Amino acid sequence: MSPTHRQVLAPDPAALRTVLGHFATGVAIITALDGDEPVGMACNSFTSVSLDPPLVLFCAAKDSTTWPRIQAARKWAANILSEESEEVCRLFAQKGADRFAHIAYSTGRTGAPVLEASIAFVDCETIAEHDAGDHVIVVGRVLELGYASDGKPLLFYRGGYGRFDV
Ligand SMILES: Cc1cc2nc3c(=O)[nH]c(=O)nc-3n(C[C@H](O)[C@H](O)[C@H](O)COP(=O)(O)O)c2cc1C
């Protein structure tokens, strides 16, 4: 692409959403148990960090009402959604929804919910939280992980959902 076709913007929130939305990601539902109540939130900030020791991270918005519950639990699972799971993603991003009412899951080593809608899961324990603007960077040590070899991921790109065409 020619540089003349590029939009150059100041880093205000709208520009950040638009430009960073070009970075295609999967979607993970970060789940935990608050007492005996399952909680979870959709996150596309989930990423790998270190192989040895095994570390991953996600970024939690400070205004999330689910994050304090995951924070208190300290144990959580990142559930990487399958391509059929767009509605699950929307549900886990919706404020005030009864997110687990119709969701099938089992539990991983930490007790965190492992969703049937996931093609892979990473079960973790929080080892660090780093303050970062309006978010917190949450670093987890991986305790157990698994995947379905025939699974295909849900993709998120420029505010919309898609599939990986292979
Ligand atoms: C595709 C997608 C990705 C998201 N990624 C994140 C994320 O990385 N971190 C975050 O805090 N919220 C993220 N959200 C928003 C939360 O899912 C949602 O706002 C939050 O769970 C609202 O409910 P709560 O107040 O119950 O936490 C994402 C939403 C969507 C639809």
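The following exchange concerns a predicted model and the reasoning behind several of its structural labels.

Colleague: What makes Ser45 a polar contact of the ligand?

Modeller: A polar side-chain atom of Ser45 lies 2.6 Å from an oxygen atom of the ligand. The cut-off for a pair of N or O atoms is 3.5 Å, so this pair qualifies as a polar contact.

Colleague: Which atoms of Cys59 and Arg99 meet that criterion?

Modeller: For Cys59, a polar backbone atom is 2.8 Å from a nitrogen atom of the ligand. For Arg99, an N or O atom in the side chain is 2.9 Å from a ligand oxygen atom. Both pairs are within 3.5 Å and therefore count as polar contacts. As for burial, the protein covers 83% of the 630 Å² of accessible area that the ligand has on its own.

Colleague: Where does the ligand sit, and how many residues surround the ligand?

Modeller: Its site is the largest pocket; that wording requires more than half of the ligand atoms to lie within 2 Å of the pocket's grid points. The ligand is surrounded by 17 residues, and the closest are Ser45, Ser64, Thr65, Thr66 and Lys95. By class, 10 residues of this shell are nonpolar, five are polar and two are charged. Strands β3 (37-43) and β5 (55-61) each contribute at least two residues to the shell.

Colleague: Why is the sheet β1-β11-β12 called open?

Modeller: Its three strands follow that order with antiparallel pairing. β1 (25-26) and β12 (160-163) are at the edges and have a single partner strand each, so one side of each is left without a neighbour in the sheet.

Colleague: How do you know that β1 and β11 are paired?

Modeller: Two bridges join β1 to β11 (residues 154-157) in the antiparallel sense. Pairing calls for at least two bridges, so the condition is met. Within this pair, Thr25 has Phe156 of β11 as its bridge partner.

Colleague: What joins β4 to β5?

Modeller: Strand β4 (residues 47-50) runs antiparallel to β5, with three bridges between them, and a hairpin of four residues connects the two. Ser50 stands opposite Leu55 in β5.

Colleague: What makes Pro53 and Arg74 notable in their backbone geometry?

Modeller: Most residues other than glycine have a negative phi, and most peptide bonds are trans. The peptide bond from Asp52 to Pro53 is cis, with omega near 5°, and Pro53 belongs to the loop between β4 and β5. Arg74 is not a glycine, yet its phi is positive, at about 65°. Arg74 is located in the loop between α2 (67-73) and β6 (75-81).

Technical notes
Residues numbered from 1 in each chain as written. Predicted model: local features only at pLDDT ≥ 70, side-chain atom pairs only at ≥ 80, totals over all residues. Heavy atoms only, no water. Near = heavy atom within 4 Å. Polar contact = N/O pair within 3.5 Å; in protein donor to acceptor, adjacent residues only side chain to side chain. Areas by Shrake-Rupley, 256 points an atom, 1.4 Å probe, with all protein chains shown as cover. 1 Å grid on protein atoms, 1.4 Å probe; cavity = no way out; pocket = protein on both sides within 12 Å on 5 of 7 lines; lining within 4 Å. Nonpolar A, V, L, I, M, F, W, Y, C, P; charged D, E, K, R; others polar.
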